[in-house]
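Welcome, and please open your viewer. We will go through one structure stop by stop, selecting a few residues each time and looking at what is there.

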Amino acid sequence: MPDEPKRRRLATRLIRPDRRASTDFQSLATSTSRGSTVLFKSVADARDSSDPDQYRYGLYGTPTVRELALQIAAIEGAEHCLIVPSGQAAIALPYFAFCKSGDHVLLTRSAYGPNTELAFDTLKDLGIEVERYDPMIGAGISDLIRRETRLIWTESPGSITMEVQDVPAICAAAHERGVLVAIDNTYGAGVLFDAYGAGVDISVQALTKYAGGHSDLLLGSITTRDVKLDQQLRAAQRLLGMGVSPDDCSLVLRGLKTLDVRLQRLGDSALKVAQWLKERDEVTALLHPAFPDCPGHDIWQRDWTGSASIFSVIFGNWTREQVVCFVDALELFGIGYSWGGAGSLVMTYGDLRRPTPETGKLLVRLNVGLEDPEDLIDDLEQALSRACP
Ligand SMILES: Cc1ncc(COP(=O)(O)O)c(C=O)c1O
């Protein structure tokens with residue numbers, strides 16, 4: 001009779017239990033794999049880094065994180081995807097991966113505010129020159145490209161002023177001169193606009209918005225079709241320590257199952273609400289890609305398969321006080337900075353200098369949620385009547 005194995009003491013058994021549940025389990029949900037440390041079979045295995053797909057450390061992704069990366073890459077028609085802690089991290093990483101001191105970057109004036117702040121605060125101090133360009137420039141971007149130009153940032157549509165960019169024309173001009181093009185593709189969610197078909201090299205999304213879809217997490221993605229670009233991005237991610245929580249990734253994986261139906265419903269409701277606002281005398285401009293007031297409406301018709309949940313209105317004949325009064329009077333639109341979730345949101349920006357310094361103060365951005373659009377319209381109606389007594 002072989003000796004009974006010696007029973008280990010409690011403190012050891014708490015860390016190395018004697019019995020484990022079977023892991024042979026099939027579910028429709030992706031399991032949440034947490035872990036900082038990854039265990040290796042041997043020292044040789046730990047020292048062998050020849051397989052880029054081998055799990056080596058939690059910072060470089062657990063199965064849950066990689067599952068999300070695969071799904072985002074598939075949705076966008078990309079080959080590679082990195083998941084990072086926020087949309088802003090996804091914007092920051094390509095600068096650090098691809099640009100060095102002395103390089104020149106072109107950034108659309110319609111870009112998300114913190115992208116511009118990063119460019120003019122941090123990057124300037126690192127010797128990277130960022131120049132802003134008119135979002136409607138199209139092929140004219142060629143005239144701004146210099147020998148040192150490394151990267152062109154597009155964002156289409158701009159998330160407050162809604163300009164739809166001619167991304168194919170910008171990509172064609174950039175590639176003729178060997179310049180990379182990145183897009184903030186958050187509005188299209190990789191579904192409504194084919195960024196890779198348009199020619200971009202890098203596409204980033206704030207998964208915080210439509211992919212997450214429930215306003216309860218922050219995450220970003222960076223996709224590319226080019227293995228070399230992916231390797232550069234991965235190196236920067238590792239060195240900047242941009243790891244993500246598998247719990248948040250599992251929430252996005254759940255959100256993705258309803259992405260298509262949510263986007264359709266959000267897009268339809270936003271169109272309905274926008275159509276109603278368009279008829280109101282108080283509204284002097286409606287900045288929604290599907291309406292002719294919106295810069296680049298014709299490009300949207302050519303390149304896009306639909307529209308999403310945010311748009312802006314300008315109350316050109318009001319005072320700033322009336323705008324604030326209107327926003328404060330809304331009951332179903334929460335006053336908040338984000339978008340893409342289930343609940344409707346509204347924001348106005350006293351210091352916005354676009355479309356012009358005068359109209360920027362009178363602009364209100366709406367994010368239409370999943371509530372019944374008729375109730376949202378009723379709410380807008382009561383708030384309009386309280387803003388202009
Ligand atoms: C267009 C756009 N890109 C990126 C971001 C940043 O996303 P996050 O909030 O996840 O940092 C935002 C956030 O509002 C955004 O509107």
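## The ligand and its shell

Begin at the ligand and select helix α4, residues 87-98: this helix gives three residues to the shell around the ligand, the largest share. Keep in mind during the tour that the model is predicted.

Now show the whole shell of 14 residues; G87, Q88, D184, T208 and K209 come nearest to the ligand. Colour the shell by class, and you should find five nonpolar, six polar and three charged residues.

Which atom of G87 should you pick? Choose a polar backbone atom, which is 2.7 Å from an oxygen atom of the ligand. For T208, turn to the side chain, where a polar atom lies 2.5 Å from a ligand oxygen. The side chain of K209 also has a polar atom by a ligand oxygen, at 2.7 Å. On its own the ligand has 390 Å² of accessible area, and the protein covers 91% of that.

## The whole chain

Zoom out until the protein chain fills your screen. Its C-alpha atoms fit a box of roughly 95 × 55 × 35 Å along the principal axes. Switch to a cartoon view to see 14 helices and 12 strands. The chain has 389 residues, and 50% of them are buried.

## Salt bridges

Next come the charged side chains. Side chains of opposite charge can pair when their charged atoms come close. How many salt bridges does the structure hold? There are 14, and we will visit some of them.

Select D247 and R34, whose closest N and O atoms are 2.7 Å apart in a salt bridge. D247 sits in helix α9 (residues 246-256) and R34 in the loop between α1 and α2, so this pair ties together parts that are 213 residues apart in sequence. R34 is exposed, at 62% relative accessibility, while D247 is partly exposed, at 29%.

Move on to E163 and R354, a salt bridge with 2.2 Å between the closest N and O atoms. E163 belongs to the loop between β4 and α6, and R354 to the loop between β11 and α13, so parts 191 residues apart in sequence are tied together here. Are these two residues buried or exposed? Both E163 and R354 are buried.

Then select D166 and R302, which meet in a salt bridge at 2.7 Å, N to O. This pair also links distant parts of the chain, 136 residues apart: D166 is in the loop between β4 and α6, and R302 is in helix α11 (residues 297-303). D166 counts as buried because its relative accessibility is 18%, and the cut-off for buried is under 20%.

To finish this stop, show E129, E131 and R146 together: they are linked in a network of salt bridges.

## Backbone surprises

Now hide the side chains and follow the backbone. Most residues other than glycine have a negative phi, and most peptide bonds are trans. The next selections are exceptions to look at.

Select S156 and P157, which are joined by a cis peptide bond with omega of about -10°. P157 is in the loop between β4 and α6. Another cis peptide bond runs from R354 to P355, with omega near -5°. You will find P355 in the loop between β11 and α13.

For positive phi, pick A189: its phi is about 55°, although A189 is not a glycine. This residue lies in the loop between β5 and α7 and is buried, with 3% relative accessible area. S215 has a positive phi too, near 55°. Look for S215 in the loop between β6 and β7, where it is exposed at 57% relative accessible area.

## Last stops: a helix and the surface

Find T116 in helix α5, residues 113-125. T116 is buried, with a relative accessible area of 13%. Draw a distance between the C-alpha atoms of T116 and V130: the value is 8.8 Å, and the two residues are 14 apart along the chain.

Finally, turn on the surface and select L10, L14 and I15. These residues form a nonpolar patch there, with about 360 Å² of accessible area together. I15 has its place in helix α1, residues 10-15, and counts as exposed at 67% relative accessibility.

Definitions and conventions. Residues are numbered from 1 along each chain as its sequence is written. This is a predicted model: local features need pLDDT of at least 70, side-chain atom pairs count only at pLDDT 80 or more; totals for chains, interfaces and linings use all residues. Side-chain values use heavy atoms; hydrogens and water are left out. Patches are made of residues with over 30% relative accessible area and no salt bridge: like charges are joined within 9 Å, nonpolar side chains (Val, Leu, Ile, Met, Phe, Trp, Tyr) within 5 Å. Accessible areas come from the Shrake-Rupley method with a 1.4 Å probe; for residues, only the protein chains shown count as cover. A salt bridge is a side-chain nitrogen of Lys or Arg within 4 Å of a carboxyl oxygen of Asp or Glu. Helices (H or I, at least four residues) and strands (E, at least two) are DSSP runs, numbered from the N terminus. Buried means under 20% relative accessible area, exposed over 50%, partly exposed in between (1.4 Å probe, protein chains only). A residue is near a molecule or strand if one of its heavy atoms lies within 4 Å of it. A polar contact is a pair of N or O atoms within 3.5 Å; within protein, one must be able to donate a hydrogen and the other to accept it, and residues adjacent in sequence count only if both atoms are side-chain atoms. Ala, Val, Leu, Ile, Met, Phe, Trp, Tyr, Cys and Pro count as nonpolar, Asp, Glu, Lys and Arg as charged, and the others, Gly among them, as polar.
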